[in-house]
Amino acid sequence: MILPGFIFIILFSYVPMAGIIIAFQRFIPAKRLFGDQQWVGLKNFKYVMSLPNFDNILWNTFYIASLKVILGLVVPIVIALLLNEMKHVLLKRSIQTAIYLPHFLSWVVLGGIFIDILSPTNGLVNTLLNKLGLNSIFFLGDNKWFPYTMILTDTWKDFGYGTIIYLAALTGINPNLYEAAQMDGANRWKQTIHISLPGIQMVIVLLMVLSLGNLLNAGFDQIFNMYSPMVYESGDILDTFVYRIGLLDAQFGVATAVGLFKSVIALILVSTSYYFAYKFADYRIF
């Protein structure tokens, strides 16, 4: 049963690692990957680091991704705890389904929907703002608003998935603990603090460790479908930069160098977070 998944990982995760050498070459597609390419050492990395806007791109990536990670952890926990307190089963299941559905929609679809909803001329959001006497906001064309629009829309799309995971963890808590707490006079708030949260602590740590590897992954598919040159200053991230410099400008070596840089940083972040999770929370994967 493990063999198909093992073969999939080998073919699509490990075999492509041979392409890492492109980061150290002046890659020309017409030549063979091994043997015919010109080796340039760290020149591609030095070129990327010397670009005047690279620092800003790196900051945009870290800023947007870090806030996505924080909200992606906090919001599902809060919603799961609130749903866990609901006694009406049908209403609870309906809400779970409603908040989970956006997770299955691609950003190609959602991008078009949000472009219409957030339009500064006839979008639903700005129409409501105008009726309240407020000025229209160009959410997708203003550098002040664009990062927060990306963060909030991404959280809205995916918090339902995390909520389901935390709800499943909450169902595994022994109900006798709640009964004992009630007999001792603990209200629902104290039960949440002293039973519910500690009961899902390991799941929180697991998802936190996994999410820290995404601190340089701000969401290419989302931003690519919703950004424009007007918001490059605040919305251009490493992935969109790689797309433009690699596929549009055909600088394959430089694009691979940026991708390798991202992967190394992600490996360091995941390893560090796993170490601290083991040291302070006694969490282990194996």
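Select Asn 60 and show its side chain: in this predicted model, that side chain reaches the backbone oxygen of Glu 233 at 3.0 Å. Asn 60 is found in helix 3, so colour that helix, residues 54-84, while you are here. How much of Asn 60 is accessible? Its relative accessible area is 5%, which puts Asn 60 under the 20% cut-off for a buried residue. Now display what surrounds this side chain. Leaving out residues up to four places away in sequence, Asn 60 touches Tyr 232, Glu 233, Ser 234, Gly 235, Asp 236 and Ile 237.

**Next stop: the largest pocket**

Keep helix 3 coloured, since helix 3 is one of the elements that give two or more residues to the lining of the largest pocket. The others to select are helix 7 (146-171), helix 10 (201-212) and helix 11 (220-226). The space in this pocket comes to about 670 Å³. To centre your view, pick Lys 68, Gly 72, Asp 154, Asp 158 and Asn 214, which are the closest to the pocket centre among its 26 lining residues.

Which helix contributes the largest share of this lining? Helix 7 does, with 8 residues. Try colouring the lining by residue class as well: you should find 13 nonpolar, 9 polar and 4 charged residues.

**On to the second largest pocket**

Now select Pro 16, Met 17, Ile 20, Leu 260 and Ser 263, the residues nearest the centre of the second largest pocket. Its volume is about 330 Å³, and 13 residues line it. Show helix 1 (2-14) and helix 14 (252-281) as ribbons, because each of them supplies at least two residues of the lining, as counted over the helix runs. Helix 14 gives the most, with 6 residues. Colour by class again, and this lining shows 8 nonpolar and 5 polar residues, with no charged residues.

**Two alanines in loops**

From helix 1, follow the chain into the loop that leads to strand 1 (25-26), where you will find Ala 18. Is Ala 18 buried, exposed or partly exposed? At 34% relative accessibility, Ala 18 counts as partly exposed. Select Leu 33 and Phe 34 too: apart from neighbours within four places in sequence, these are the residues in contact with Ala 18. If you draw a distance between the C-alpha atoms of Ala 18 and Leu 33, you should read 9.3 Å, for two residues that are 15 residues apart along the chain.

For the other alanine, go to the loop between helix 13 (238-248) and helix 14, and select Ala 250. Check its backbone torsions here: phi is near 60°, a positive value in a residue other than glycine. Ala 250 is also partly exposed, at 43% relative accessibility.

**Last stop: helix 2**

Finish by selecting residues 43-50, which make up helix 2, and show Asn 44, Phe 45 and Val 48 as sticks; these are its buried residues. Turn the model until you look straight down the helix axis. The buried residues fall within an arc of 100°, so they line one face of helix 2. Then add Lys 46 and Ser 50, which are exposed on the other side of the helix.

Technical notes: Residues are numbered from 1 along each chain as its sequence is written. This is a predicted model: local features need pLDDT of at least 70, side-chain atom pairs count only at pLDDT 80 or more; totals for chains, interfaces and linings use all residues. Side-chain values use heavy atoms; hydrogens and water are left out. On a 1 Å grid over the protein atoms alone, a cavity is a set of points where a 1.4 Å probe fits but cannot get out, and a pocket is an open set with protein on both sides within 12 Å along at least five of seven lines; lining residues have an atom within 4 Å of a point. Grid points are joined across faces, edges and corners, and a volume is the space filled by probe spheres set on the points. Helices (H or I, at least four residues) and strands (E, at least two) are DSSP runs, numbered from the N terminus. Ala, Val, Leu, Ile, Met, Phe, Trp, Tyr, Cys and Pro count as nonpolar, Asp, Glu, Lys and Arg as charged, and the others, Gly among them, as polar. Buried means under 20% relative accessible area, exposed over 50%, partly exposed in between (1.4 Å probe, protein chains only). The arc is that of the directions from the helix axis to the C-beta atoms. A polar contact is a pair of N or O atoms within 3.5 Å; within protein, one must be able to donate a hydrogen and the other to accept it, and residues adjacent in sequence count only if both atoms are side-chain atoms. Contact means heavy atoms within 4.5 Å.
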